[in-house]
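Subject: Structure handover and what was found in it

Dear colleague,

I am passing a structure on to you, together with an account of what turned up when it was examined. Please look at it first, and then read on with it open beside you.

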Amino acid sequence: MNHCGTCTACCRVFHIPEFNKPAGKWCDHCDIGKGCKIYEARPKACREFACLWLQSQTRENPHERLAPELRPDRSKVVLSPSTNPNIIGATTMPGAPDAWNRPAMYAFLASLVERGLGVAIGRPLAATHLKWTRKGFTEVEMTPPDENGMQWSKEDE
């Protein structure tokens, strides 16, 4: 069962190693705005991924669910955990690099920062990301993508 509804944003912004699909390009198996054409046979990376908006929709308390306007296809920002538990990824959709700065998304990201989390904001495959913490904004250089499409902050090297 597809719990994402008509959202297919992750099918564009992330690399899918099993298909050699680069980040920033639509997956060949994506029926844009409808879902995955091979949903039952989708690769492990797709089966295991759930953006923060989708994760929030399973919370019992409706007040803990992210608002509909923060859904990635509407906000143009895919929020996801990173390999650092203190940093949330905010990947903007191609063509919408400033989507994180729209009022609803900005307010949500600011609330994360107020709670002590950092936010890494950037386009797919960007050489730099904007890191937002309680100390403010800093530009962070990113590594080139590895074989799995992952990028790392060069400050973590």
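What radius of gyration would a compact globule with 157 residues have, and what does the protein have? Please keep in mind from the start that this is a predicted model. A compact globule with 157 residues would come near 15 Å, and the protein has 15 Å, so the two agree. Taken along the principal axes, the C-alpha atoms of the protein fill a box of roughly 45 × 40 × 25 Å. Of the 157 residues, 38% are buried, while the protein exposes about 9,300 Å², with carbon and sulfur atoms supplying 52% of that area. If one takes the contacts between residues at least 6 apart in sequence, 44% of them join residues that are at least 24 apart.

Next, the secondary structure. The protein has 5 helices and 7 strands, and read from the N terminus on, these elements follow the order α-β-β-α-α-α-β-β-α-β-β-β.

The sheet is a good place to begin looking. Its 5 strands form an open sheet in the order E3-E4-E5-E6-E7, with mixed pairing. The edges are strand E3 (77–81) and strand E7 (136–141), each of which pairs on one side only. On average, and with direction ignored, neighbouring strands of this sheet are turned by 25 degrees against each other. As general background, strands of a sheet pair through backbone hydrogen bonds, either parallel or antiparallel.

Both kinds of pairing can be followed here strand by strand. Strand E4 (residues 87–92) pairs with strand E5 (residues 118–122) in the parallel sense over 5 bridges, and within this region Ile87 stands opposite Gly118 in E5. E5 and E6, by contrast, are paired in the antiparallel sense over 3 bridges, and the bridge partner of Val119 in E6 is Trp132. These two strands, E5 and E6, form a hairpin with 5 residues between them, and in its turn Leu125 has a positive phi of about 65 degrees. E6 and E7 are likewise antiparallel, pairing over 6 bridges, with Lys131 standing opposite Thr138 in E7; the hairpin that joins E6 to E7 does so through 2 residues.

Helix H5 (residues 103–114) lies across E3, E4, E5, strand E6 (128–133) and E7, and runs at about 60 degrees to E6. This helix also matters for reading the interior, to which I turn now.

In soluble globular proteins, nonpolar side chains tend to be buried together. The largest nonpolar core in this model has 27 residues, and those with the most contacts inside it are Leu79, Leu109, Val119 and Trp132. Helix H3 (52–56), E3, E4, H5 and E5 are the elements that give two or more residues to this core, and H5 provides the largest share, 6 residues. Leu79 shows how parts of the chain meet: leaving aside its neighbours within four places in sequence, Leu79 is in contact with Cys51, Leu52, Leu66, Gly89, Ala90, Met105, Phe108 and Leu109.

A loop residue is worth a look as well. Ile16 is found in the loop between H1 and E1, and because its relative accessibility is 6%, Ile16 counts as buried. Not counting residues up to four places away in sequence, Ile16 touches Lys21, Cys27, Pro43 and Cys46. The C-alpha atoms of Ile16 and Ser82, which are 66 residues apart along the chain, are separated by 16 Å.

Finally, there are backbone angles to check. Most residues other than glycine have a negative phi. Asn20, in the loop between helix H1 (10–13) and strand E1 (30–31), has a phi near 55 degrees, a positive value in a residue other than glycine, and Asn20 is exposed, with a relative accessible area of 62%. Lys76, in the loop between helix H4 (72–75) and E3, has a positive phi of about 70 degrees although it is not a glycine, and at 32% relative accessibility Lys76 counts as partly exposed.

With best regards

Conventions: Residues numbered from 1 in each chain as written. Predicted model: local features only at pLDDT ≥ 70, side-chain atom pairs only at ≥ 80, totals over all residues. Heavy atoms only, no water. Pairing = 2+ DSSP bridges. Helix = DSSP H or I, 4+ residues; strand = E, 2+ residues; numbered from the N terminus. Axes fitted to C-alpha atoms, helices over the stretch in contact; angles between N-to-C directions. Contact = heavy atoms within 4.5 Å. Buried < 20%, exposed > 50% of the residue type's maximum accessible area, 1.4 Å probe, protein only. Rg over C-alpha atoms; globule rule 2.2 N^0.38 Å. Areas by Shrake-Rupley, 256 points an atom, 1.4 Å probe, with all protein chains shown as cover. Core = buried A, V, L, I, M, F, W, Y, C linked by side-chain atoms within 4.5 Å.
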